[in-house]
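Welcome, and let us take a walk through this structure together. Please have the sequence and the model open beside you as you read.

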Amino acid sequence: MSEGAGSPEARVCLGVVVGVHGVRGLVRVKPFTQDPMAVADYGLVESKDGTRRFKIAATGIAKGVVICRFDGISDRDVAEALRGTELYVARTALPDIDEDEEGYYHADLIGLAAEASDGTLFGRVSEVHNFGAGDLLEIVPPDGSASFLVSFTDENVPEVDIAGGRLTLVPPEGTFGAGDGKDEEEEADE
């Protein structure tokens, strides 16, 4: 369960174990950190449910993943059982973002209102996913209907206002079905 940055229990996912490397218990971690090797820089990491804690060391990079050693794991089969484990640290373990920089952690997006530029509420950000082709925001509509995913790009999300608790969402055409604002004549003119 992800929690918003305002919560004292807020955590940030640094990466996910995507496989093993060799026979001595090394794992391949897909990093979500700006510097891939930093996935091991913040002390103990824990599983998403908080039941397992690991001390990890990054040993190198190979094909877009970080090769890591987890203390106490030296067997390939034990390492294989970690596949899919998301690695979290407390939000407070991460460096603060300079006020001069326009920056935030993905965990800061959880709970933000996703609004059109005119203030129309599409819903709230419930998760930030990355399945390999870029970041996706999962938006839960206020009416409780099925959530939807939107690519987290400058085109779709031109403004993020962490302090204001909102982001501006310009959903791609077709997100809400066939008639989302343009009539056929306008489309033909384009």
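A polar contact here is a pair of N or O atoms within 3.5 Å, and within protein one of the two must be able to donate a hydrogen and the other to accept it. With that in hand, look at Thr-168: its side chain makes a polar contact with the side chain of Arg-166, at 3.3 Å. Keep in mind as you go that this is a predicted model.

Let us stay with Thr-168 for a moment. You will find it in strand E13, which covers residues 166–168. Is Thr-168 buried or exposed? Its relative accessible area is 6%, and because anything under 20% counts as buried, Thr-168 is a buried residue. Leaving out residues up to four places away in sequence, Thr-168 touches Glu-115, Ala-116, Ser-117, Asn-156, Val-157, Pro-158 and Glu-159.

One of those partners, Ser-117, deserves a visit of its own. Ser-117 lies in the loop between strand E8 (113–115) and strand E9 (121–130). Its relative accessibility is 71%, so Ser-117 counts as exposed, whereas Thr-168 is buried. Another of the partners of Thr-168 is Glu-159. Ser-117 and Glu-159 are 42 residues apart along the chain, and their C-alpha atoms are separated by 9.3 Å.

Now step back to see the whole chain. It has 190 residues, of which 36% count as buried, and its secondary structure comes to 2 helices and 13 strands. Among the contacts with a separation of 6 or more, 48% are between residues 24 or more positions apart.

Next, follow the strands, beginning with E1, residues 11–21. E1 runs antiparallel to E2 (residues 26–31), and 6 bridges join the two. Together E1 and E2 form a hairpin with 4 residues between them, and in the turn Gly-22 has a positive phi of about 80 degrees. To find the pairing by eye, look for His-21, which stands opposite Leu-26 in E2.

Which other strands do these two meet? E1 is joined to E7 by 5 bridges, again in antiparallel fashion, and Val-12 stands opposite Val-89 in E7. E2, in turn, is joined by 3 bridges to E6 (residues 65–70), which runs antiparallel to it. Here Arg-28 stands opposite Ile-67 in E6.

Why is E1 described as largely enclosed by the rest of the structure? The reason is that 9 of its 11 residues are buried. In soluble globular proteins, nonpolar side chains tend to be buried together. In this model, the largest nonpolar core has 22 residues, and Val-27, Phe-70 and Leu-87 touch the most other members. E1, E2, E6 and E7 (86–90) each supply at least two residues of this core, and the largest share, 4 residues, comes from E1.

Take a closer look at Leu-87. Setting aside its neighbours within four places in sequence, Leu-87 is in contact with residues including Val-12, Leu-14, Val-17, Val-29, Phe-54, Ile-56 and Phe-70. Apart from this core lies another, of 16 residues, among them Ala-114, Phe-122, Leu-137 and Leu-167.

To finish, turn to the rings. A search of the whole structure finds 1 aromatic pair. You can also look for Tyr-88, where the charged end of Arg-11 sits over the ring, 4.4 Å from its centre.

Methods:
Residues are numbered from 1 along each chain as its sequence is written. This is a predicted model: local features need pLDDT of at least 70, side-chain atom pairs count only at pLDDT 80 or more; totals for chains, interfaces and linings use all residues. Side-chain values use heavy atoms; hydrogens and water are left out. Two strands pair if DSSP finds at least two bridges between them. Buried means under 20% relative accessible area, exposed over 50%, partly exposed in between (1.4 Å probe, protein chains only). Contact means heavy atoms within 4.5 Å. Rings of Phe, Tyr and Trp (its six-membered ring) pair if their centres lie within 6.5 Å; planes under 30 degrees apart count as stacked, over 60 as edge-to-face and the rest as tilted. A charge sits over a ring if NZ of Lys or CZ of Arg is within 6 Å of the ring centre and within 35 degrees of the ring normal. A nonpolar core is a set of buried Ala, Val, Leu, Ile, Met, Phe, Trp, Tyr and Cys residues joined through side-chain atoms within 4.5 Å.
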